[in-house]
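Please look over the sequence and the model below before reading on. The paragraphs that follow lead from a single position in the chain to the sheet around it, and then outward.

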Amino acid sequence: MLITGIKSRPTYDELTPLASGLRHVAAAQGSGGAPLLKLLAAMTPAQRAQTTVIYSTESFDGDNHLAELTTESVAELLPVSSNEAALETLREVLGTAKMGTRLYLAGSEGFIGTAMQVASAFGMDSDEVLREQAGSLVRRVWCAHCDTYTDNVTMRVFECPGCHLNLVVRDHYSSRLAAFQGVKADGEVPGELPDIDEELDT
């Protein structure tokens with residue numbers, strides 16, 4: 001089975017306060033709470049007073065920083081129990097945002113990618129957003145055959161929950177899809193699968 005050697009994992013930032021921001025929105029999940037706490041610690045009281053924090057307690061590795069975040073003095077803390085709820089809350093917050101808003105994202109690669117899709121839909125560009133990956137590098141995978149997305153993939157070959165084909169996860173990351181591509185594992189030689197026990201670089 002041909003697996004390309006293309007590696008296009010995004011390059012991430014370290015969250016630091018953007019001095020040009022008039023309003024700050026921070027969205028994180030799970031392990032992303034740690035860089036978020038460092039960001040808040042680096043902010044001035046005036047910046048924290050203009051900061052909305054969205055935090056999802058959903059986490060692949062079990063990290064939960066909500067208790068620590070509740071002790072931080074910010075304009076608004078919006079805790080949710082799922083990443084999908086965090087993305088919906090982010091849509092609502094950005095829907096009322098004005099010029100000068102700066103966005104900070106932290107957490108898993110999949111969460112950051114889908115949150116960036118939300119930000120892009122509101123016209124935010126790279127100068128207005130910082131992203132810091134935290135925790136396990138589990139992958140979000142898009143099935144090229146049925147358009148199903150699967151989060152938290154850790155194995156090179158896995159069964160798509162949509163079409164039930166065995167998929168091999170390629171190393172190419174698509175920013176447009178916010179996911180790695182999964183293609184039929186035995187597409188070249190039917191019945192011939194690559195090493196199904198190979199773990200991804202998570």
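Two residues are taken to be in contact when heavy atoms of theirs lie within 4.5 Å. The model shown is a predicted one, and a convenient place to enter it is G100, which lies in the loop between helix 4 and strand 4. Which residues does G100 touch, if those up to four places away in sequence are not counted? They are S20, G21, L22 and R23, and the C-alpha atoms of G100 and R23 are separated by 6.2 Å although the two positions lie 77 residues apart along the chain. With a relative accessibility of 13%, G100 counts as buried, because the cut-off for that class is under 20%.

From this loop the chain enters the sheet. Strand 4 comprises residues 101-107, and it pairs with strand 1 in the parallel sense over 6 bridges; within this pairing H24 stands opposite R102 of strand 4. Strand 1, residues 23-29, is also joined to strand 2 by 6 bridges, and these two strands run parallel as well, with Y55 in strand 2 as the bridge partner of A28. Strand 1 is mostly covered, in that 6 of its 7 residues are buried. On the other side of strand 4, 5 bridges join that strand to strand 5, again in parallel, and here A106 has E132 of strand 5 as its bridge partner.

Taken together, 5 strands form an open sheet with parallel pairing, in the order 3-2-1-4-5. The edges are strand 3 (76-80) and strand 5 (129-133), each of which pairs on one side only, and the twist averages 10° from one strand to the next. As a general point, strands of a sheet pair through backbone hydrogen bonds, in either a parallel or an antiparallel manner.

Helices lie across this sheet. Helix 1 (residues 33-42) lies across strand 1, strand 2 (51-56), strand 4 and strand 5, and runs at about 155° to strand 1. Its buried residues are G33, P35, L36, L37, L39 and L40, and they pack against strand 1, strand 2, strand 4 and strand 5, as well as against helix 2 (45-48) and helix 3 (66-69). An α-helix has 3.6 residues a turn, so residues three or four places apart point the same way. Helix 4 (residues 83-95), for its part, lies across strand 1, strand 2, strand 3 and strand 4, at about 160° to strand 2.

Further along the chain there is 1 aromatic pair, formed by Y173 and F180 in an edge-to-face arrangement, with 5.2 Å from centre to centre and 70° between the planes. Are these two rings' residues buried or exposed? Y173 counts as buried at 7% relative accessibility, and F180 is buried with a relative accessible area of 2%. F180 has a further neighbour in R139, which lies over the face of the ring at 4.2 Å from its centre.

Seen as a whole, the protein has 5 helices and 10 strands, and buried residues make up 47% of its 202 residues. Of the contacts between residues at least 6 apart in sequence, 68% join residues at least 24 apart. The protein exposes about 9,600 Å², of which carbon and sulfur atoms supply 51%.

Notes. Residues numbered from 1 in each chain as written. Predicted model: local features only at pLDDT ≥ 70, side-chain atom pairs only at ≥ 80, totals over all residues. Heavy atoms only, no water. Pairing = 2+ DSSP bridges. Helix = DSSP H or I, 4+ residues; strand = E, 2+ residues; numbered from the N terminus. Axes fitted to C-alpha atoms, helices over the stretch in contact; angles between N-to-C directions. Buried < 20%, exposed > 50% of the residue type's maximum accessible area, 1.4 Å probe, protein only. Areas by Shrake-Rupley, 256 points an atom, 1.4 Å probe, with all protein chains shown as cover. Phe/Tyr/Trp six-rings, centres within 6.5 Å; stacked < 30°, edge-to-face > 60°. Lys NZ or Arg CZ within 6 Å of the ring centre and 35° of its normal.
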